[in-house]
Structure formats: structure tokens, C-alpha cells
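Me: Hello! I am new to this structure and would like to know how its labels are earned. Could you walk me through them?

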Amino acid sequence: MKDPYLVALGIQIRERRLARGWSQDEFAARAGMHRTHPTKLENGLLDPRLSTLRRVAKVLDVEVRSLLPTGPEPS
């Protein structure tokens with residue numbers, strides 16, 4: 001079963017990437033990650049390290065905390 005927090009994180013990343021009109025491959029290149037990582041991140045299949053989240057946030061021009069789920073614990 002997928003971790004609801006990782007799924008929520010992935011949704012935030014996907015929405016911001018799509019808002020910029022980037023493909024997953026373009027996003028991966030800009031973030032300096034392997035081309036398969038965005039798919040795993042966006043689908044809640046990858047538990048990223050803080051350093052990865054910082055790179056993702058920098059590329060998306062947002063703060064790390066804006067990518068993290070807020071409110072009550074997802075079920």
C-alpha cells in the first residue's frame with residue numbers, strides 16, 4: 001500500500017510541473033535526476049531524501065514546505 005503522505009507529495013510535485021508545461025523528462029533534466037524519478041515521485045513510489053526535495057523545490061521555484069502535505073493525517 002502506498003504511503004498517503006508520499007502520494008500527496010507526488011500530487012503537489014505533478015501539479016507544479018504541469019503548471020510549467022514541463023514533461024517528466026524535462027523536469028528530470030532540470031532537477032538533475034534520472035528520467036524515471038519524476039514518475040516514481042509523482043506516483044508516491046519514492047521516498048525522497050531531503051536533498052532531493054530541495055532540488056525539486058528549487059527547480060519548481062517553491063519552498064520545500066509548500067510541497068509537503070498539510071492538515072490532518074491523510075488516510
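Me: Are W22 and F27 buried or exposed?

Reply: Both W22 and F27 are buried. Buried means under 20% relative accessible area, exposed over 50%, and partly exposed in between (1.4 Å probe, protein chains only). Before we go on: this is a predicted model, where local features need pLDDT of at least 70 and side-chain atom pairs count only at pLDDT 80 or more, while totals for chains, interfaces and linings use all residues. Residues are numbered from 1 along each chain as its sequence is written, and side-chain values use heavy atoms, leaving out hydrogens and water.

Me: Why is the pair of W22 and F27 called stacked?

Reply: Rings of Phe, Tyr and Trp (its six-membered ring) pair if their centres lie within 6.5 Å; planes under 30 degrees apart count as stacked, over 60 as edge-to-face and the rest as tilted. For W22 and F27 the values are 6.4 Å centre to centre and 20° between the planes, so the pair meets the rule for stacked.

Me: What is F27 in contact with, leaving aside its neighbours within four places in sequence?

Reply: Contact means heavy atoms within 4.5 Å. By that rule F27 is in contact with I13, R17, W22, P38, V56, V59 and L60.

Me: Why is E42 called buried, and R14 partly exposed?

Reply: E42 has 2% relative accessibility, so E42 falls under the cut-off for buried. R14 has a relative accessible area of 26%, which places R14 in the range between buried and exposed.

Me: What makes R14 and E42 a salt bridge?

Reply: The term asks for a side-chain nitrogen of Lys or Arg within 4 Å of a carboxyl oxygen of Asp or Glu. The N to O distance here is 3.5 Å, so the pair qualifies. E42 also forms a salt bridge with R17, at 2.6 Å between the closest N and O atoms. Both E42 and R17 are buried.

Me: How do you know that R16 has no salt bridge?

Reply: The nearest side chain of opposite charge, E15, is 5.0 Å away, so the 4 Å limit is not met. For charge, Lys and Arg count as positive and Asp and Glu as negative, while His and the chain ends are not counted. R16 is buried, and touches L60, V62, S66 and L67, not counting residues up to four places away in sequence.

Me: What about R65 and E63: how far apart are the closest N and O atoms?

Reply: They are 2.8 Å apart, and R65 forms a salt bridge with E63. R65 has a relative accessible area of 62%, so R65 is called exposed.
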